[in-house]
Amino acid sequence: MTDAALTPDQIQQIRDRVAELMPHVRADLEELVRIPSVSATSFDQSQVARSAEAVAELLRREGLDVEIVVEGGRPAVIGHLDGPEGAPTVTLYAHHDVQPPGDDADWDTPPFEPTERDGRLYGRGAADDKAGVMAHLAALRAHSGALPVGVTVFVEGEEEFGSASLPTILEKHGHKLAADAIVIADSGNWAIGEPALTTTLRGGVRAVVRVETLDHSVHSGMFGGAAPDAVTALIRLLASLHDDAGNVAVQGLDEGTAADLDYDEARFREESGLLDGVELIGSGSILTRLWNKPSITTIGMDVTSVEKASNTLAARAAAKVSMRLAPTQDPQAAFELLRTHLLDHAPWGARVTVDLEEHGSGFAADADGPVYDEARASFADAWGTDPVDMGVGGSIPFISDFVARFPEASIIVTGVEDPDTRAHGANESLHLGEFEKVCVAEAIFLARLGALRPAH
């Protein structure tokens, strides 16, 4: 391949152009945040449709041929604009749906009214992932009228609800998304001022565990001490999922080792909000525990509430368990190992059933080659410092669908988040200074990729 280096003047021109565009980019982002596009079934889905149309209109204004596609799920937006003859094609992914806001009382300002405080823009979706949508728009605007590559923008509408219709979208519309490089803007950076490419993601399994010990609930005084109640049996069963050090005790799961980056306990405590005196669990480096080893969390329980409790032995109880997996782990095999463990550890002969609710594969990039080189150079141009390759403990299961559908494409996972973004939680926010650098980096990346040509 030929050298894709840009001159300092070209890089500065892109920086200046993005800086000029940012007020308009931010205004458009705020309009998107005001649309409560929660894709969960219990919310108004007309707002997701409204959000899709708003995204489609933004793309139309940049000259893209745009369509809204629905394949049994929430609406997605696909837009395309040709580049120069012989130039590479890039697909830019983001999603316009958002997580439920939770309790408004937990927010310092209304979740769907974007508000700036101390250089951060607060609001549900302000970072995850409507800022990803607008980073793509900013990069397109920076090259308005002189796009260096062909571009397809794919903005999904149900990423926060499991991407159930994505396989069908890829089956029916995948030919429209084929590209030399796919930029997935749904991750984050290492720290404020320190960019990163996400090269590994954990997979995930979500399962429901049900325990029964009696055919009906009975008086705890008359039968307690001989008959086990289902809640206590469930608690003992869940406790078996970890050893005394807090490592996952399910046998046979994959484990790996994270890259040796500078990340100490003090930083983890600050970023996680771990209370004083509460110990870390597990073994190995902190990043290995977060990125390359399995973890299990009980995320919900069906038991009698404290307020409604009576002196009764409960006949049945249930819990929802989330298991994060090493990037190399097959999720179906992991579920079977989890199920076997739970059945084998049923206390006191309790009846246990385990049902798979959802599963998704992890991601481990082969992050070498000219496209990755240009991505890293683009981050260095934007931030003035080299990016790190990092893992993420969370999951983006749909990436495995892209890998399967487009095996020849280089998949670049990046994003707008930082350690204080609080995506999915109350007071989600976007660091505005970092957001501008993300936009600059993507605009430079398109320019660098456009300069790549086969050597003759």
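This report describes strand pairing, ring contacts and an internal cavity in a predicted model.

**Strands β3, β7 and β17**

Strand β7 covers residues 181-188 and runs parallel to β17, with seven bridges joining the two. Within this pairing, alanine 185 has threonine 414 of β17 as its bridge partner. Glycine 188 also faces β17, where glutamate 417 stands opposite. On β3, four bridges make the connection to β7, and these two strands are likewise parallel. There leucine 92 stands opposite valine 183 of β7. Strand β7 is thus joined both to β17 and to β3.

How many of the residues of β7 are buried? Eight of its eight residues are, and the strand is described as mostly covered. For β17, eight of the eight residues are buried, so this strand is largely enclosed by the rest of the structure. The covering applies to both faces of β17. One side carries Ser410, Ile412, Thr414 and Val416, and the other carries Ile411, Val413, Gly415 and Glu417, with all of these residues buried. Threonine 414, the bridge partner of alanine 185, is therefore counted among the buried residues, since eight of the eight residues of β17 are buried. Glu417, which stands opposite glycine 188, belongs to the other side of β17 and is buried too.

**The cavity beside these strands**

A search of the whole structure finds one cavity of 30 Å³ or more. The volume of the largest cavity is about 100 Å³. Which elements each supply at least two residues of its lining? They are α10 (370-383), β17 (410-417) and α12 (432-451). The lining is made by Val183, Ala375, Ser378, Phe379, Trp383, Ile412, Thr414, Val438, Ala441, Glu442 and Phe445. By residue class, eight of these are nonpolar, two are polar and one is charged.

Several lining residues also appear in the strand description. Val183 lines the cavity and stands opposite leucine 92 in the pairing of β3 with β7. Ile412 and Thr414 line the cavity and sit on one side of β17, together with Ser410 and Val416.

**Aromatic pairs and charges over rings**

The count of aromatic pairs comes to nine. Two of the pairs involve tyrosine 93 and are set out below.

| Ring pair | Centre distance | Plane angle | Arrangement |
|---|---|---|---|
| Tyrosine 93 and phenylalanine 398 | 4.5 Å | 40 degrees | tilted |
| Tyrosine 93 and phenylalanine 402 | 5.9 Å | 75 degrees | edge-to-face |

The pair of tyrosine 93 and phenylalanine 398 links distant parts of the chain, with tyrosine 93 in strand β3 (residues 89-95) and phenylalanine 398 in helix α11 (residues 398-405), 305 residues apart. Both tyrosine 93 and phenylalanine 398 are buried. Phenylalanine 402 also lies in helix α11, so its pair with tyrosine 93 in strand β3 ties together parts that are 309 residues apart in sequence. Phenylalanine 402 is buried, as is tyrosine 93. Ring pairs extend the picture to a cluster of Tyr93, Phe154, Phe398, Phe402 and Phe406.

Two arginines lie over ring faces. Arginine 117 lies over the face of tyrosine 122, at 3.8 Å from the ring centre. Arginine 267 lies over the face of tryptophan 190, at 4.4 Å from the ring centre.

**Strands β1, β2 and β6**

Strand β1 (residues 65-69) pairs with strand β2 (residues 76-81) in the antiparallel sense, over five bridges. Valine 69 has alanine 76 of β2 as its bridge partner. The hairpin of β1 and β2 has six residues between the strands, and glycine 72 in this hairpin takes a positive phi near 90 degrees. Strand β2 is further joined by five bridges to strand β6 (residues 150-156), and these two run antiparallel. In that pairing leucine 81 stands opposite valine 151 of β6.

**Glycine 360**

Glycine 360 is placed in strand β14 (residues 351-360). Is glycine 360 buried or exposed? Its relative accessibility is 5%, so it counts as buried, the cut-off being under 20%. The C-alpha atoms of glycine 360 and arginine 422 are separated by 22 Å, and the two residues are 62 residues apart along the chain.

Technical notes:
Residues are numbered from 1 along each chain as its sequence is written. This is a predicted model: local features need pLDDT of at least 70, side-chain atom pairs count only at pLDDT 80 or more; totals for chains, interfaces and linings use all residues. Side-chain values use heavy atoms; hydrogens and water are left out. Rings of Phe, Tyr and Trp (its six-membered ring) pair if their centres lie within 6.5 Å; planes under 30 degrees apart count as stacked, over 60 as edge-to-face and the rest as tilted. Buried means under 20% relative accessible area, exposed over 50%, partly exposed in between (1.4 Å probe, protein chains only). A charge sits over a ring if NZ of Lys or CZ of Arg is within 6 Å of the ring centre and within 35 degrees of the ring normal. On a 1 Å grid over the protein atoms alone, a cavity is a set of points where a 1.4 Å probe fits but cannot get out, and a pocket is an open set with protein on both sides within 12 Å along at least five of seven lines; lining residues have an atom within 4 Å of a point. Grid points are joined across faces, edges and corners, and a volume is the space filled by probe spheres set on the points. Ala, Val, Leu, Ile, Met, Phe, Trp, Tyr, Cys and Pro count as nonpolar, Asp, Glu, Lys and Arg as charged, and the others, Gly among them, as polar. Two strands pair if DSSP finds at least two bridges between them.
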